[in-house]
Amino acid sequence: MRKTNIKAPFIAPHVTICLVKGNADGAWMIGDVLVGVWTRQWACLCLGLFTCIAAQAASAADCLGHPDALGTSRTLVVDPREHPRIGTMQYAQTLPLGDHEVVLTFDDGPLPRYSNQILDILASQCVKATFFIIGRMAQAYPQGVRKLSDAGHSIGTHSQDHPLSMNRMSLERAKQEIDDGIASTAAALGDPTMLAPFFRIPGLLRAEGVEDYLASRGIQIWSADFPADDWRHVSSSRVYDLAMMRLEAKGKGILLLHDIQARTVAALPRILHELKARGYRIVHVVPATLQNPGTPTEPQQWQLHPTSETVAISHWPKIPNFVYADAGTLPAPALSDSGWHDGQLIPLAEPFDRARPLARGVVPLPREAPWPRQSPPPLDGAATALPVPAPSIFEIQEKERATTQTAAPSAHHAEQKVRTELQTD
Ligand SMILES: [Zn+2]
């Protein structure tokens with residue numbers, strides 16, 4: 001007899017209690033909507049006004065102690081098998097967001113000193129986001145991963161070691177990076193089913209073999225709709241400016257941030273405040289489950305550049321070479337002329353390869369990730385991939401000079417080591 005966990009779902013904890021029983025394989029799920037489509041024989045009993053599958057977003061009015069909070073306007077349930085690649089920085093599809101809807105994503109953590117501050121800021125606004133966890137960070141800070149999950153955010157993965165060479169490494173090695181990152185994060189969570197089948201490729205350095213492998217496992221690849229350059233050595237006000245400027249240019253979309261950067265911590269309160277002031281709404285994305293099918297959408301809602309959005313169409317392809325140092329008026333990341341026209345990968349320079357040997361043994365890793373293999377979904381023309389963003393957007397102009405005076409000695413060392421190795425993206 002396995003244990004049974006009961007936990008209030010993260011969205012509406014004051015009204016709903018969900019109980020989910022484990023399946024025959026021993027996978028367990030507690031409380032919220034993150035039961036994967038790959039699981040089976042789930043039983044879900046929900047008590048209260050809502051069901052597990054109809055979890056409601058926390059509106060600003062529900063944000064206790066913060067009546068003026070931005071809040072989370074709705075939860076969008078997506079089926080990775082139907083939409084395996086999203087994000088207009090690279091793909092023809094993106095999340096089916098309405099005008100002025102924003103999805104927040106944070107990569108490369110957790111790094112408790114900053115991730116915890118990000119958590120507090122999001123909590124103060126009752127905003128839910130998606131975190132893409134690096135396996136090695138999960139091994140170093142398993143409690144940090146649990147804190148993110150316990151706060152109700154979606155937890156995806158971002159490889160084991162964050163190599164900036166997934167477009168060039170062997171497929172076998174790329175699979176290992178993906179699988180180990182999932183296993184490490186699942187081990188940190190203590191429950192593989194708490195993990196969303198969402199993956200962001202390090203440096204967005206896509207490759208067809210990698211994409212096909214992820215699709216075969218029912219894992220959705222998240223590129224983004226716009227970054228804010230918060231991995232660069234820029235000021236927090238610059239991060240704010242870029243986030244708002246690029247959002248305004250598109251009107252909606254997936255914002256790529258990092259929860260391991262002090263400048264992101266500094267910029268986030270102002271970003272959230274301004275989102276509210278300008279009438280933007282936060283959407284929380286969760287994966288579809290057997291009990292919680294995908295939010296009904298029309299195919300065109302997932303397409304890049306709907307015909308009604310002429311601004312993005314007129315700007316993007318015409319940019320010959322995107323220079324981030326002078327990005328004042330540009331709405332989208334770089335795509336070279338040749339890259340745009342022929343759809344081929346842009347070769348990347350060697351300095352972007354920061355592959356490191358796997359750091360094993362810190363956390364026992366389940367060898368089987370939570371998602372069984374599935375047949376790759378058929379990709380229609382809409383899923384045609386765009387080239388990777390130009391290498392310049394992942395360059396680091398100056399070395400990180402963060403201080404670590406507050407961490408305990410052992411954590412301090414690990415944090416410094418990890419930070420040194422994770423300076424980009
Ligand atoms: Zn990253």
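In the predicted model, the charged end of Arg-270 sits over the ring of Tyr-240, at 3.6 Å from the ring centre. A further contact of this kind involves Arg-113. Its charged end lies over the ring of Tyr-114, with 4.6 Å to the centre.

Ring-to-ring pairing was examined next. A pair of aromatic rings is described by the distance of the centres and the angle of the planes. Three aromatic pairs were counted. One of them joins Phe-198 and Trp-222. The centres are 4.9 Å apart and the planes meet at 40 degrees, so the pair is classed as tilted, between the limits of 30 and 60 degrees. This pair links distant parts of the chain. Phe-198 belongs to strand β9 (residues 198–199), and Trp-222 to strand β10 (residues 220–222). The two residues are 24 residues apart. Phe-198 has a relative accessible area of 0% and is therefore buried, the limit being under 20%. Trp-222 is buried as well, also with a relative accessible area of 0%. Through ring pairs, Phe-132, Phe-198 and Trp-222 form a cluster.

Nonpolar packing was then considered. In soluble globular proteins, nonpolar side chains tend to be buried together. The largest nonpolar core here holds 59 residues. Leu-104, Phe-106, Leu-122, Phe-131 and Leu-275 touch the most other members. Beyond its neighbours within four places in sequence, Phe-131 contacts Phe-106, Ile-118, Leu-122, Leu-148, His-153, Ser-154, Ile-155, Gly-156 and Asp-259. A second core, of 18 residues, is separate. Among its members are Met-89, Leu-97, Trp-222 and Ala-224. Trp-222 thus appears both in this second core and in the ring cluster with Phe-132 and Phe-198.

Notes. Residues are numbered from 1 along each chain as its sequence is written. This is a predicted model: local features need pLDDT of at least 70, side-chain atom pairs count only at pLDDT 80 or more; totals for chains, interfaces and linings use all residues. Side-chain values use heavy atoms; hydrogens and water are left out. Rings of Phe, Tyr and Trp (its six-membered ring) pair if their centres lie within 6.5 Å; planes under 30 degrees apart count as stacked, over 60 as edge-to-face and the rest as tilted. Helices (H or I, at least four residues) and strands (E, at least two) are DSSP runs, numbered from the N terminus. Buried means under 20% relative accessible area, exposed over 50%, partly exposed in between (1.4 Å probe, protein chains only). A charge sits over a ring if NZ of Lys or CZ of Arg is within 6 Å of the ring centre and within 35 degrees of the ring normal. A nonpolar core is a set of buried Ala, Val, Leu, Ile, Met, Phe, Trp, Tyr and Cys residues joined through side-chain atoms within 4.5 Å. Contact means heavy atoms within 4.5 Å.
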